[in-house]
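Let's take a walk through this one together. Have a look at the fold before reading on.

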Amino acid sequence: MGCKESEVIFTSGGTESNNTAIKGVAFQYQNRGKHIITTQVEHPAVYDVCKQLEGLGFAVTYLPVDREGRVSVEAVQKAMRPDTILVSVMHVNNELGTIQPILEIGQWLKQFPKVLFHVDAVQGIGKVPLRIKDSGIDLLSVSAHKFYGPRGVGILYKREGLIIHPLMMGGGQEGGVRSGTENLPAIAGMAKAIRILEELGSVEMIRLQKLNQQLREGIATMEGCVVNTPESNTAPHIMNLSVPGVKAEVLLHALEEKGFLISTKSACSSKVNEPSRVLTAIGIERDCALSSLRISLGRENTPDDIQQFLKALEECVSVLRTYIKQQPAPAHRK
Ligand SMILES: Cc1ncc(COP(=O)(O)O)c(C=O)c1O
């Protein structure tokens, strides 16, 4: 990770790292100011923490994003206030794969040493390079299960010398920031997973990029399928698409029957029948957002998998469309 041993705090995963970072800063520096800047497209482990802090008297600016799901440095600049204490922006969006301009934001923020910069890097590790030290990052969240490590373990990077309010009090482990006996087997598993990432290096990222391209080109030729993930400046392992008119859940189960496991929205927080907050933020219409699916590519996927998936998708969409057409129009309510 390019940081010192003392800057690594072991946690139970991305959710805990995000909570510890955001609330830790909020509670520690509330006398300095109570304003936090974040974006409309954060994972709930950031977004809902900010909502909770609003309930505790903090003011939060949720920055809008462009059609590709990207926040601009200018938006951060405009939102800055004398009472801003924290800026929290994710590295890679978990629904779209969009990469945020972390380096630019972090470098601009360097002129405000009292405004801390947190990055939720859960989706980026091993997929999109990020240099913590160059990017002016004070706090960064990592989760092991996103890079083939065990579930329920993660890291919070905390810049040396930075003091945050601990959420857990007790035996003073992890520099007093996260008391509680560490989950050693899981930490060892995570360390091994990081070493494997290092060994694979950029070869795996390039391989995933090729699979992503094959998938994108295949979907683009399918009638009625819309790719929501932007074409450039995105992570190689996430592809979001919509099939307007076909309910995401129905398509998901049809694909599942053919052996393909994909998800609607974020795999770890799927709520049915609500359009995705992220897709709504980029201006996608409700009907299109309700029919969106997220495909994740991983280490075990091959070009043959993509070919078979595209075939299965085409078949499922065609069967479902025919079925929908045969249904009688809904009766009008009196
Ligand atoms: C961007 C992002 N942040 C945070 C999390 C939560 O991480 P964890 O499941 O380790 O708590 C996820 C999970 O998918 C995520 O995608």
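A quick word on terms before we start: the domain bounds used here come from an automatic or database domain assignment. Keep in mind, too, that this is a predicted model.

With that settled, the chain splits into domain 1, covering 5–192, and domain 2, covering 202–326. Measure from C-alpha centre to C-alpha centre and the two domains sit 28 Å apart. They do touch: 27 residues of domain 1 and 28 residues of domain 2 take part in the contact.

So what does that meeting place look like? About 2300 Å² is buried between domain 1 and domain 2, with carbon and sulfur atoms giving 55% of it. On the domain 1 side, Glu95, Leu96 and Lys127 stand out, as they supply 32% of the area that domain 1 buries against domain 2, more than any other three residues.

Now for the polar side of things. The count is 14 residue pairs in polar contact between domain 1 and domain 2. Sort the residues of domain 1 that touch domain 2 by class and you get 11 nonpolar, nine polar and seven charged. Even so, zero salt bridges turn up across this interface.

Finally, the cysteines. The structure holds zero disulfides. Why does Cys225 have no such bond? Its closest cysteine sulfur, in Cys288, is 10 Å away, which is too far for a bond, because a disulfide needs the two sulfur atoms within 2.5 Å. Cys225 also counts as buried, at 12% relative accessibility, while Cys3 is partly exposed, with a relative accessible area of 24%.

How values were computed. Residues are numbered from 1 along each chain as its sequence is written. This is a predicted model: local features need pLDDT of at least 70, side-chain atom pairs count only at pLDDT 80 or more; totals for chains, interfaces and linings use all residues. Side-chain values use heavy atoms; hydrogens and water are left out. Contact means heavy atoms within 4.5 Å. Buried area is the accessible area (1.4 Å probe) that two parts lose on being put together, summed over both. A salt bridge is a side-chain nitrogen of Lys or Arg within 4 Å of a carboxyl oxygen of Asp or Glu. A polar contact is a pair of N or O atoms within 3.5 Å; within protein, one must be able to donate a hydrogen and the other to accept it, and residues adjacent in sequence count only if both atoms are side-chain atoms. Ala, Val, Leu, Ile, Met, Phe, Trp, Tyr, Cys and Pro count as nonpolar, Asp, Glu, Lys and Arg as charged, and the others, Gly among them, as polar. Buried means under 20% relative accessible area, exposed over 50%, partly exposed in between (1.4 Å probe, protein chains only).
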